[in-house]
Amino acid sequence: MQERIVLTTSRDPSQRTRSFAKVISRYMNWYYLQRGKLSLEDLFGEHKKLIIIREIKGNPAFMDLYEGGRRRMTIRMNVGVIRKEKMDDSPVYFAGKLPFDPVILGALPKIPAGERLAMKLRPRKVVYVRKGGLMDFRYDGIRVLTVKLLSVYEGDNRGRRRA
């Protein structure tokens, strides 16, 4: 079984960032952890896969994915719609072309076997990826989140950029 991804925020986040973190963690089947005064060392010591949401001027702007204490990817984004909705723990399917493999976020893989599985399961959680990096997160056809991907950085090195 895959280890559960833990999501938290930077210290003292705005209400909008907290709302975004709670909704996306519920949507993606991640565990939301209220950070409080926990240091990065404490977080890395307890969790193998960790996502930290950082903000600019009170808005969620970066999503840093860490594995084993090392940054694997940073997503730069603008967040639009945030809607609180009751959701189940069904798998997430990304429809469209992404600049990264959605498996890293705990979603169904974008390989032929993953596509066949998605067709068989008919997932309730579908993220429609449109041109220009616009991602529309839908649950049973209801829009829950809208996120625009601005850029994706792989690893600790900011020089390797995709998207």
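1. Let's start with the empty space. Searching the whole structure turns up 1 cavity of 30 Å³ or more. Keep in mind while you look around that this is a predicted model. The space inside the largest cavity comes to about 90 Å³.

2. Who lines it? The largest cavity has 13 lining residues, and I24, M63, L105, M135 and F137 are the ones nearest its centre. Sorted by character, the lining holds 13 nonpolar residues, no polar ones and no charged ones. If you want to find the walls by secondary structure, look at α1 (15–28), β5 (70–82), β8 (134–139) and β9 (142–154): each of these gives at least two residues to the lining of the largest cavity.

3. Now for the aromatic rings. The whole structure has 3 aromatic pairs. Take Y27 and F137 to begin with: their ring centres are 5.3 Å apart and their planes meet at 80°, so this pair counts as edge-to-face. Y27 belongs to helix α1 while F137 belongs to strand β8, so the pair ties together parts of the chain that are 110 residues apart in sequence. Both Y27 and F137 are buried. You have met F137 already, as one of the residues nearest the centre of the largest cavity.

4. Another pair to click on is F44 with Y66. This one is tilted, with 4.9 Å from centre to centre and 55° between the planes. Here too the pair links distant parts of the chain, as F44 sits in helix α2 (residues 40–46) and Y66 in strand β4 (residues 59–67), 22 residues apart. Are the two partners buried or exposed? F44 has a relative accessibility of 24%, so it counts as partly exposed. Y66, on the other hand, has a relative accessible area of 12%, which is under the 20% cut-off, so Y66 is buried.

5. Back to Y27 and F137 for a moment, since there is a further ring to add. Together with F94, Y27 and F137 make up one aromatic cluster.

6. Finally, have a look at F62, where charged side chains come in. Which residue lies over the face of F62 at 4.3 Å from the ring centre? That is R54. R76 also has its charged end over the ring of F62, in this case 5.0 Å from the centre. When you display F62, then, show R54 and R76 along with it.

Key. Residues are numbered from 1 along each chain as its sequence is written. This is a predicted model: local features need pLDDT of at least 70, side-chain atom pairs count only at pLDDT 80 or more; totals for chains, interfaces and linings use all residues. Side-chain values use heavy atoms; hydrogens and water are left out. On a 1 Å grid over the protein atoms alone, a cavity is a set of points where a 1.4 Å probe fits but cannot get out, and a pocket is an open set with protein on both sides within 12 Å along at least five of seven lines; lining residues have an atom within 4 Å of a point. Grid points are joined across faces, edges and corners, and a volume is the space filled by probe spheres set on the points. Helices (H or I, at least four residues) and strands (E, at least two) are DSSP runs, numbered from the N terminus. Ala, Val, Leu, Ile, Met, Phe, Trp, Tyr, Cys and Pro count as nonpolar, Asp, Glu, Lys and Arg as charged, and the others, Gly among them, as polar. Rings of Phe, Tyr and Trp (its six-membered ring) pair if their centres lie within 6.5 Å; planes under 30 degrees apart count as stacked, over 60 as edge-to-face and the rest as tilted. Buried means under 20% relative accessible area, exposed over 50%, partly exposed in between (1.4 Å probe, protein chains only). A charge sits over a ring if NZ of Lys or CZ of Arg is within 6 Å of the ring centre and within 35 degrees of the ring normal.
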